[in-house]
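Here's a quick tour for anyone meeting this protein model for the first time. Have a look at it first, then read on.

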Amino acid sequence: MATVKFRDVRKAFGQVEVLHGVSVDIEEGQFVVLVGPSGCGKSTLLRMLAGLEHITSGEIVIGDRVVNALPPKERDIAMVFQNYALYPHITVAENMGFSLMLKGAPKSDIEAKVRPAAEILGLTHLLDRYPRQLSGGQRQRVAMGRAIVRNPQVFLFDEPLSNLDAKLRVSMRSEIKNLHQRLKTTTVYVTHDQIEAMTMADKIVVMHDGIVEQVGEPLELYDRPANLFVAGFIGSPAMNMTPGKLEDGKPGVFVTGQGQRIAVANAGAAKPGQKLICGIRPEAIHLRGDVALRVKVVEPTGSETHVVAELDGNEMTCVFRERIKAGPGDELKVSIDPEAIHLFDAEGGQRLSA
């Protein structure tokens, strides 16, 4: 295990800067997820940590070593790629032990490391097969096994589940998290899927346009997003947003553009008259109340009913535990939990509510 530190790391391709001074500390044994939309710089940052991309400026530290100038093989890291990167002409066992073979390790030592890794990943009965004889999930486990065998200080995962179907992604999420809990190796994981980030991470780094928007534990980011971008990105279904302002003389009431009033438990630094964005999680909306929504779509999922509606022309997604009878065009009267209201500055996007 080792700590990892990014210190004012920048990356430019010619005149175009894609990372703008990233600084993040990762503790020993942490599972940290870099998450953000495509093009935000998360994979570039991971590749710089791995030594696969040159650093324009700043420092990357693994343990007590600045690794900027070190080649990948000297960084004591192991990387699992999106496309598995297995050699098709050799067996599972040979793929898993390939890095040790390149180092000239005795056959007995290679087998002594491959066998336990195969047992951890449920691959023992597949060691004599070739990659073409495996399913996508099995191939990903082989790629993980190859990383485990190296016994690195840091595991790096670059969107490893992107090629799997939805059901297999869920089971592989659990397998990777369970693997980390057993091995306790520092792990840096890149994904654009915020559900993966929420369910797997000890700490999430939310990135956007080459900068870090917020760093924190999953529920910290969900409950107290620092700005509109994080609020809209973390959570599925996404947070609802509607513009308005606090009512004059009543800082505990948010008024929408068309005059609907929503109670706010704590307005924080928001001021009456200030242009605001009110953020409302779908599960904070409840049936029966004074706020009128116009139904657009009803989506029964079994345990929940998702309703897409409009508030002042802004789309609102509601998640109800109850089964409701409503259709497009119907009016739905709801209440909104005042404790769950998030207020943001409409111009700068920063969080204002406490």
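What follows is a short walk through some aromatic rings, two charges over rings and one asparagine.

Keep in mind that this is a predicted model. A search of the whole structure turns up five aromatic pairs, and two of them are picked out below, starting with Y87 and F98.

**Aromatic rings**
- Y87 and F98 make a tilted pair, with 4.6 Å from centre to centre and 45° between the planes.
- This pair links distant parts of the chain: Y87 sits in the loop between strand 6 (77–80) and helix 2 (92–96), while F98 belongs to helix 3 (residues 98–102), eleven residues apart.
- Y87 has a relative accessible area of 35%, so it counts as partly exposed.
- F155 and F157 pair up edge-to-face, at 6.3 Å centre to centre and 65° between the planes.
- Both F155 and F157 are buried.
- Those two also join F31 and Y189 in one aromatic cluster.

**Charges over rings**
- K11 has its charged end over the ring of F13, 4.8 Å from the ring's centre.
- R132 lies over the face of Y130, 5.0 Å from the ring centre.

**Around N227**
- You'll find N227 in the loop between helix 8 (218–223) and helix 9 (228–233).
- With a relative accessible area of just 6%, N227 is under the 20% cut-off, so it counts as buried.
- Its side chain makes a polar contact with the side chain of E213, at 2.9 Å.
- A polar atom of the N227 side chain also lies 3.2 Å from the backbone nitrogen of F229.
- Leaving out residues up to four places away in sequence, N227 touches E213, F344, G349, Q350 and R351.

Methods
Residues are numbered from 1 along each chain as its sequence is written. This is a predicted model: local features need pLDDT of at least 70, side-chain atom pairs count only at pLDDT 80 or more; totals for chains, interfaces and linings use all residues. Side-chain values use heavy atoms; hydrogens and water are left out. Rings of Phe, Tyr and Trp (its six-membered ring) pair if their centres lie within 6.5 Å; planes under 30 degrees apart count as stacked, over 60 as edge-to-face and the rest as tilted. Helices (H or I, at least four residues) and strands (E, at least two) are DSSP runs, numbered from the N terminus. Buried means under 20% relative accessible area, exposed over 50%, partly exposed in between (1.4 Å probe, protein chains only). A charge sits over a ring if NZ of Lys or CZ of Arg is within 6 Å of the ring centre and within 35 degrees of the ring normal. A polar contact is a pair of N or O atoms within 3.5 Å; within protein, one must be able to donate a hydrogen and the other to accept it, and residues adjacent in sequence count only if both atoms are side-chain atoms. Contact means heavy atoms within 4.5 Å.
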